[in-house]
Amino acid sequence: MFGFEMFGGVPRTFNTHFRCYSVVMFPGNEREDVERGGKIIMPPSALDQLTRLHIVYPMLFKLSSTKSGRNTHCGVLEFVADEGKIYLPYWMMRNLFCEEGGLLQVESASLPVASYAKFQPQSVDFLDITNPKAVLENALRSFACLTKGDVIAIKYNEKIYEFLVLETKPGNAVSIIECDMQVEFASPVGYVEPERQEKKAEKKEEEQADVPHVEHGFQVTYVVHLDSIDDTMAFTGSGFRLDGKKKKSNVPSNPVPIGPPVIKRGIPNYDFEKGKITFKRNLNKSNNSQSNNKGESSKPEFEAFTGSGKTLRQKRKN
C-alpha cells in the first residue's frame, strides 16, 4: 500500500557517456561565464534522469576520458545543451587531453568540503597583481570543485592566468561550495629570487682583491693597512636619489664624527692642601668693573616704573 517513495528514494549513481565540445562551439551568444569557471552545460534529459535518481545536491560530477585515462571534477551550470552533448571550458578539455567531439564518461560524485588548497602560478606575470589572494578567491566563486593536478584558468584585467593545483585537503578532489578554505601560493614557474646587492659587492671586492696588478712584466701586490683608514667619521659618502636624477641642492654633506666628543678639563689647583677646601669667586672682577663704569659715566642708574600714566578718558572741567 505504502511505497518507499514517501520517505525519499535511495540516491543512486549517475553514469553515462556524452560527446564533449568547448564552449566556443555552443550555439547562440558567447558564454564567457562558462569559460571562466569550473562548471559545464548538460542536456535536459540529464536533469530528468538525475531527478529520478535522487542525486544529492550540490550536483558534482567526475569526468573521465577513456582515450587519455585522465579525469577531473566539475559542477553543472545549466541543462540547455543538445542531446548527447556537453560543453566544457577550454582549460578543462586541455586537462583531459580531449578533442572536439571526443567521448567522455560523466559520473555523479560526492566530494568532501575543502579546507586547504595550494596553487602554483604558471607565469611570473601573476606577481604584478596587487592582491593576488583576493583575486583568486573571487575567481573561485565560479568553480564548484578542485582536483589535484589540474591547471585551472582565471581571467583578470583582460588577461588569462593559469594555476596548477598542487595540493588539496582533505582529499585529492574537494568541493569548494560554501566552504572556509585556506589558500597558499607556491613560487611561480620561472621565478628567480633576486640576489642581494651586498653579496654582489662583496664578490666584486673579493675578485678585485684576488687579481694582482701587473706593471712592466712584474707582478705587484698592493697591501692596504686598515690602521690608515679614518674610521672616526660617519656618512662620508654622497647621497643618491631613488629615481636616478641628480640632486638639485649643492649643499655639501659634512661627515659626522663617530667617536665620543672631546671634553676639555680645567686647570688643576697645584696649591691644594689636604683638609682644606677652597671656594673661588669672581666678585673682585665684578666690583672692579662696576667701579670703573661709575667713574666713566655719571649717568643715574635705571629705576623701574618711574614714568607717569596717561588715560584715554579726558577729565571733565569744572
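Begin by selecting strands 9, 10, 7 and 12, which in that order make up an open sheet of 4 strands with mixed pairing. The edges of this sheet are strand 9 and strand 12, each of which pairs on one side only. If you turn the view so that you look across the strands, neighbouring ones are rotated by 35° against each other on average, with direction ignored. Keep in mind throughout that this is a predicted model.

Next, stay at one edge and select residues 151-156, which are strand 9, together with residues 159-169, which are strand 10; the two pair in the antiparallel sense over 6 bridges. To check the register, pick Val-151 and look across to strand 10, where its bridge partner is Leu-164. The two strands form a hairpin with 2 residues between them, and in the turn you will find Asn-157, whose phi is positive at about 55°.

Now move to the other edge and select residues 116-121, which are strand 7, along with strand 12; these two strands run parallel and are joined by 4 bridges. A useful pair to label here is Ala-117 and Val-183, the latter in strand 12, since they stand opposite each other. With the backbone shown, recall that strands of a sheet pair through backbone hydrogen bonds, either parallel or antiparallel.

With the sheet still displayed, add residues 132-139, which are helix 4: this helix packs on the sheet and touches strand 7, strand 9, strand 10 and strand 12. The direction of helix 4 makes about 125° with that of strand 12.

From strand 12 (182-185), follow the chain into the loop that leads to helix 5 (197-210), and stop at Tyr-191, which lies in this loop. Is Tyr-191 buried or exposed? With a relative accessible area of 37%, Tyr-191 falls in between and counts as partly exposed, because buried means under 20% and exposed means over 50%. Switch to a surface display and add Val-124 and Leu-127, which together with Tyr-191 make a nonpolar surface patch of about 240 Å².

Finally, zoom out to the whole protein, in which there are 6 helices and 16 strands. Of its 318 residues, 26% count as buried, and the protein exposes about 25400 Å², of which carbon and sulfur atoms supply 52%. If you draw the contacts with a separation of 6 or more, residues 24 or more positions apart account for 76% of them.

Notes: Residues are numbered from 1 along each chain as its sequence is written. This is a predicted model: local features need pLDDT of at least 70, side-chain atom pairs count only at pLDDT 80 or more; totals for chains, interfaces and linings use all residues. Side-chain values use heavy atoms; hydrogens and water are left out. Buried means under 20% relative accessible area, exposed over 50%, partly exposed in between (1.4 Å probe, protein chains only). Contact means heavy atoms within 4.5 Å. Accessible areas come from the Shrake-Rupley method with a 1.4 Å probe; for residues, only the protein chains shown count as cover. Two strands pair if DSSP finds at least two bridges between them. Patches are made of residues with over 30% relative accessible area and no salt bridge: like charges are joined within 9 Å, nonpolar side chains (Val, Leu, Ile, Met, Phe, Trp, Tyr) within 5 Å. A salt bridge is a side-chain nitrogen of Lys or Arg within 4 Å of a carboxyl oxygen of Asp or Glu. Axes are lines fitted to C-alpha atoms, for helices over the stretch in contact, and angles run from 0 to 180 degrees between N-to-C directions.
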